[in-house]
Amino acid sequence: MISVNTKLLCLLGTPLGQTLSPKLQNETYEALGLDYFYFPIEVNQKEDLPVILAAVRKMNFAGFAITKPYKIEILKHVDRISPLAEKIGSSNTVLVEADGSFTAHNTDGVGFTVSLMGQLGQDNLNDKTLCVLGAGGASRAGTITAIEHGLKTLYISDVVPEAAHALIKDINDRTDAKAIYVDYQDKKAIADAFANSNVALNATGVGMLPHLGESPVDPSILHPDLFCCDMIYNPAKSKFLEDAEQHGCRIMNGFEMFLRQAAAQVKLWTGREASLELMSKIMA
């Protein structure tokens, strides 16, 4: 039961109809015996963010999560940014400090990279070439963290060319990796990038509501040497992953990443550890 002492947490973004975060977070707090409550807030336009954040500052919030499309935008509205979030250039987690100030963190990148290496059975990504569709906040987190674990070459494409170019510039200027632009509208260029890669990542959001049953690529460009990942976890198997499986590819959805980043959020907000075993049981 919520009381005046309950610590509040929320998820900001749009659309949120598919999110499983409230179930995972609230049942985790209940299992840990913590008086916390997590709920979604649809933010339909970025102009509404300052109003909502001003209200958060006035209430009993321990922090909040950020999802599409505000993981980059949120950095304009916080008081400080952790070194990792600054390097990535996006945040999915904000901690409300004791003095009411906001500190931006990022738990997405580690969630993706640790999950990927585990599925590949490797402790680094030195031998991988990654083709990434989507250059938003989650893509930034995944690519920058993957580079820190040995990834050397990336192809990056986004329906908004400026977003792809911005991420590519950050990678090429700040890391030893080589990022190459691919025109999202050029089907041959996308096909060539897939042919030259052994890992492909869908970070566009295409495949979940409101684009359920859609894929960002023509399935004909998929090949068995590709390990295909999708940051989507609901549905469990997106159209992109269904097509990949049918073409002999190994696949990974966003579920383990979802659990790992959520466990890191719980640690930041409460100081308590939440095991993957516990969280997996909650979502079973």
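## A tour from Pro216 to the cis prolines

Begin by selecting Pro216, which lies in the loop between strand E10 (199–202) and E11; bear in mind throughout that the model on the screen is a predicted one. Pro216 has a relative accessible area of 18%, and because buried means under 20%, Pro216 is classed as buried. If you display the residues in contact with Pro216, leaving out those up to four places away in sequence, you will find Leu133, Tyr184, Asn202, Thr204, Val206 and Phe240. A distance drawn from the C-alpha of Pro216 to that of Ser157 comes to 11 Å, although the two residues are 59 apart in sequence.

Ser157 leads on to the next stop, since Ser157 is also among the contacts of Ala164. Select Ala164, which sits in helix H6 (residues 161–174), and which is buried with a relative accessible area of 0%. Apart from neighbours within four places in sequence, Ala164 is in contact with Ala135, Ile156, Ser157, Asp158 and Tyr181. Of these contacts, Ala135 is worth a distance label: Ala135 and Ala164 are 29 residues apart in sequence, while their C-alpha atoms are 5.3 Å apart in space.

Now turn to the six-stranded open sheet, and colour its strands in the order E2-E1-E3-E5-E6-E4, noting that the pairing is mixed. Strand E2 (36–42) and strand E4 (80–81) stand at the edges, and each has a single partner strand, so one side of each is left without a neighbour in the sheet. As background for reading the next steps, strands of a sheet pair through backbone hydrogen bonds, either parallel or antiparallel.

Within this sheet, select strand E3 (residues 61–66), where six of the six residues are buried. On one side, E3 runs parallel to E1, and five bridges join the two strands; to see the register here, pick Leu9, which stands opposite Gly63 in E3. E3 also pairs with E5, this time in the antiparallel sense and through three bridges, and here Ala65 can be picked together with Thr93 in E5, which stands opposite.

Thr93 is a useful residue to keep selected while moving along the sheet, as its bridge partner in E6 is His105. Strand E5 (residues 93–96) and strand E6 (residues 102–105) pair in the antiparallel sense over four bridges, and a second pair to highlight between these strands is Val94 with Ala104, which stand opposite one another. E5 and E6 form a hairpin with five residues between them, and in the turn you will find Gly100, whose phi is positive at about 90 degrees. For context, most residues other than glycine have a negative phi, and most peptide bonds are trans.

Show the side chains of E6 next: Phe102 and Ala104 point one way from the strand, Thr103 and His105 point the other way, and all of them are buried. Ala104 also takes you to the edge of the sheet, for Ile81 stands opposite Ala104, and E4 and E6 run parallel with two bridges joining them.

Two peptide bonds come next. The bond that joins Thr14 and Pro15 is cis, with omega at about -5 degrees, and Pro15 lies in the loop between strand E1 (7–13) and helix H1 (21–32). A cis peptide bond also joins Asn234 and Pro235, where omega is about 10 degrees; Pro235 is in the loop between strand E11 (227–230) and helix H8 (239–246).

Finally, zoom out to the whole protein, which has ten helices and twelve strands. Its C-alpha trace spans about 55 × 40 × 35 Å along the principal axes, and its radius of gyration of 19 Å agrees with the value near 19 Å that a compact globule of 284 residues would have. Buried residues make up 53% of the 284 residues, and the accessible surface comes to about 12600 Å², of which 53% belongs to carbon and sulfur atoms. Among contacts between residues at least 6 apart in sequence, 68% join residues at least 24 apart. If you colour by charge, there are 25 positive and 33 negative charges to find, and the mean positions of the two sets are 3 Å apart.

How values were computed: Residues numbered from 1 in each chain as written. Predicted model: local features only at pLDDT ≥ 70, side-chain atom pairs only at ≥ 80, totals over all residues. Heavy atoms only, no water. Rg over C-alpha atoms; globule rule 2.2 N^0.38 Å. Buried < 20%, exposed > 50% of the residue type's maximum accessible area, 1.4 Å probe, protein only. Contact = heavy atoms within 4.5 Å. Areas by Shrake-Rupley, 256 points an atom, 1.4 Å probe, with all protein chains shown as cover. Lys, Arg positive; Asp, Glu negative; His and termini not counted. Charge placed at Lys NZ, Arg CZ, Asp CG, Glu CD. Pairing = 2+ DSSP bridges.
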